[in-house]
Amino acid sequence: GIGSNSRSWRRQLLALSADFRVIAWDAPGYGQSSDPIGKPSMSFYADCLRSFLDALDLQNIFLLGHSTGGVIAQEFYGAHASYVRSLLLADTRQRGSKSQLEQRLRMIRTLTPAELASQRAPKLLTASAPEPLVREVTSIMSEVRPAGYEFAATAMAEADTREVLRNLRVPTLLIWGDQDEITPLWDEVPFGAKLEIIEHAGHLCYVEQPERFNSIVRTFLLK
C-alpha cells in the first residue's frame, strides 16, 4: 500500500514460507529501496518489478498486491503476463483519482511523516483494532519518504487497469476486508475471478486478520 513497506507483510512471510518461497519487496521510494527517478506511472513500477524478478531469476510467480500494490500487480500482469501463474488482489482499485491525489499531496507537503501516519493509520483498521496493532501500523507508515509517497500518489492518480481486468487469463483471487472504508468493493468481480470477504477487517485486512487472510491465500494457491 502507499503507506506501507515490506515490513507490513511479516505475518505472511512467517506463515506462508512453510509452503512457498515468499518475497516482499520495498518498492522504489520505500523501505530500503532508492528513490524513484523519472515520470511517475504504474508502468514504471511494473518495469522495476520485472527487473527485480529477473535479478532473482524468477519468471513464474504468484503475484499478490494490496491497495496501491494491487494496482502495480495489475499493471505488471498487463505488461508481463508470462511471469504470472496467478494474481491475488487485496483491497485495491481499478482507476486512480485526481481529487485523492490533491489530498495526498497536501498532506505529505504540510505534515511530517509521523504526523501523516498518526492521522491516517487508524483509518486503515477497524475501530476495534487492538492498540498495539494501531501503533505498529502507525510506526510503519511513519517511515514513508516524501519523494516515494508523492511519486506513488501521482502514478496512482493516472492508473486505469480496467482493460487488464477484462483480459485475465490466470486464476485470480480478490480479497477484501468487510469494513474497508478506503477502497470500496468493486461493483463487478472480473469474469472468472474468485472473491473472498474477511469479516472484522478494515483496509489492512492482511494485517488485522492475518490468520484468515493467510488461510485464504494458502488454500487458493495450493489448488
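Are H4 and H7 roughly parallel or roughly antiparallel to each other? In this predicted model, the axes of helix H4 (residues 98–110) and H7 cross at roughly 170° and come within 9 Å. Angles over 145 degrees count as roughly antiparallel, and H4 and H7 are therefore roughly antiparallel to each other. On the H4 side, the contact is formed by Lys 98, Leu 101, Arg 104, Leu 105, Ile 108 and Arg 109. H7 contributes Pro 146, Tyr 149, Glu 150, Ala 153, Thr 154, Met 156 and Ala 157. By character, the residues of this contact comprise 8 nonpolar, 1 polar and 4 charged.

Helix H7 (146–157) is also among the elements that cover the buried residues of H3, together with helix H2 (42–55), strand E1 (61–66), strand E2 (84–90) and helix H8 (162–166). The buried residues of H3 include Gly 70, Val 71, Ile 72, Ala 73, Gln 74, Phe 76 and Tyr 77. Helix H3 has 12 residues (68–79), for which a rise of 1.5 Å a residue predicts a span of 16 Å; the end C-alpha atoms lie 17 Å apart, in agreement with that value.

Thr 68 is likewise located in helix H3. Its relative accessibility is 6%, so Thr 68 counts as buried. Apart from neighbours within four places in sequence, Thr 68 contacts Gly 1, Ile 2, Met 42 and Met 156.

A further buried position occurs in helix H1 (residues 10–16), which contains Arg 11. Arg 11 has a relative accessible area of 15% and is buried. With neighbours within four places in sequence set aside, Arg 11 is in contact with Leu 133, Glu 136, Tyr 206, Val 207, Pro 210 and Asn 214.

Terms used
Residues numbered from 1 in each chain as written. Predicted model: local features only at pLDDT ≥ 70, side-chain atom pairs only at ≥ 80, totals over all residues. Heavy atoms only, no water. Helix = DSSP H or I, 4+ residues; strand = E, 2+ residues; numbered from the N terminus. Expected span 1.5 Å × (residues − 1). Buried < 20%, exposed > 50% of the residue type's maximum accessible area, 1.4 Å probe, protein only. Contact = heavy atoms within 4.5 Å. Axes fitted to C-alpha atoms, helices over the stretch in contact; angles between N-to-C directions. Parallel < 35°, antiparallel > 145°, perpendicular 65-115°, else oblique. Nonpolar A, V, L, I, M, F, W, Y, C, P; charged D, E, K, R; others polar.
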